[in-house]
Amino acid sequence: MQQVRAKKFLGQHFLKDLSIAQRISETITSGPTIEIGPGMGVLTQYLLKNPNIQLTAIEIDRESVVYLKEWYPELHLIEGDFLKLDLNIIYPEGEFNVIGNYPYNISSQIFFKVLDYKDRIPVCSGMIQKEVAERLASKPGKKAYGILSVLLQAYYDIEYLFTVDEHVFNPPPKVKSAVIRMTRNKRRQLDCDEELFKTVVKTAFNQRRKQMRNSLRALLDVQRDNVQGTKEDRLEWFLTRRPEQLSVDEFVELTKLIQLKIKN
């Protein structure tokens, strides 16, 4: 059967190196698992060999769907757009993992969707653009540290596992890739308003090179004069920092201070 043509508009780069595919498959060991964008099944074949994994694959490309049904008839395959699917319909109850060689053009959107199901997804792993992987795993104070770093690290421990060169793909991408694994941490919920937390993080990083006094002006009526009082002093300390200097816990504390400020 003819191979599937990689489609640029879908961000497809098919992995050729079977040893790398096997290593990626081993990042998840058991449980119901969704594979996003299986393509020609290079990762799928190893996931199917694991008797402890109950695999469901989601593929948007019709040509890939036909190929997968021919070569992997035992695969539970859903034709559709992962970003638009209600995962609660696929798995009405219980936990499920997510894995894939993710299309580079929608990888950030995939991780934001994983966050929507964070209480049901214990492990999310796979291959993405190296730059994005570094961003996800970055610590405070680093150039790569940003919105995704904070929002994902609030709920997941993130491991940068290994780098993948361009030549193992068809067609080769213009950038290097990396494999990551995100494991749900013990933080069931944040000690603040979680929606406000997201807003604070996104607003702060919209002007990441400036002090947060400037970027958070829309959320607070912040004057340039220092404010008095213990809590106000602490808020003032945050406002003189840049967002990449703050840890997840410090963003939580900042959000709580902003909550108090808004109420007053």
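1. Start at Leu 254. Leaving aside residues up to four places away in sequence, Leu 254 touches Val 200, Met 212, Leu 216, Leu 235, Phe 238 and Leu 246. Keep in mind that this is a predicted model.

2. Now widen the view to the core around that residue. The largest nonpolar core has 54 residues. Leu 254 is among the members that touch the most others, along with Phe 111, Leu 136, Met 182, Phe 197 and Phe 251. Another core lies apart from this one and has 26 residues. Ile 24, Tyr 104, Val 123 and Met 127 are among them. In soluble globular proteins, nonpolar side chains tend to be buried together.

3. Next, the overall inventory. The chain has 11 helices and nine strands. Of its 264 residues, 50% are buried. The chain exposes about 13300 Å². Carbon and sulfur atoms supply 48% of that area.

4. Look at the sheet. Seven strands form an open sheet, in the order 4-3-2-5-6-9-7. The pairing is mixed. Which strands sit at the edges? They are strand 4, residues 76-79, and strand 7, residues 156-164. Each of these pairs on one side only. On average, neighbouring strands in the sheet are turned by 20° against each other, ignoring direction.

5. Zoom in on one edge. Strand 3 covers residues 53-59 and runs parallel to strand 4. Four bridges join the two strands. One pair is easy to find: Glu 59 has Glu 79 in strand 4 as its bridge partner.

6. Two helices are worth tracing against the sheet. Helix 1, residues 18-25, lies across strand 5 (97-101), strand 6 (123-129), strand 7 and strand 9 (177-184). Helix 1 runs at about 170° to strand 7. Helix 6, residues 130-137, lies across strand 6, strand 7 and strand 9. Its angle to strand 6 is about 140°.

7. Consider how far contacts reach along the sequence. Take the contacts in the chain with a separation of 6 or more. Residues 24 or more positions apart account for 67% of them.

8. Finally, confidence. The average pLDDT of the chain is 90, and 90% of the residues score at least 70. Where does pLDDT stay under 50? That stretch is residues 222-229. The model has 14 contacts beyond four places in sequence for these residues.

Terms used
Residues numbered from 1 in each chain as written. Predicted model: local features only at pLDDT ≥ 70, side-chain atom pairs only at ≥ 80, totals over all residues. Heavy atoms only, no water. Core = buried A, V, L, I, M, F, W, Y, C linked by side-chain atoms within 4.5 Å. Buried < 20%, exposed > 50% of the residue type's maximum accessible area, 1.4 Å probe, protein only. Contact = heavy atoms within 4.5 Å. Pairing = 2+ DSSP bridges. Axes fitted to C-alpha atoms, helices over the stretch in contact; angles between N-to-C directions. Areas by Shrake-Rupley, 256 points an atom, 1.4 Å probe, with all protein chains shown as cover. pLDDT = per-residue confidence, 0-100.
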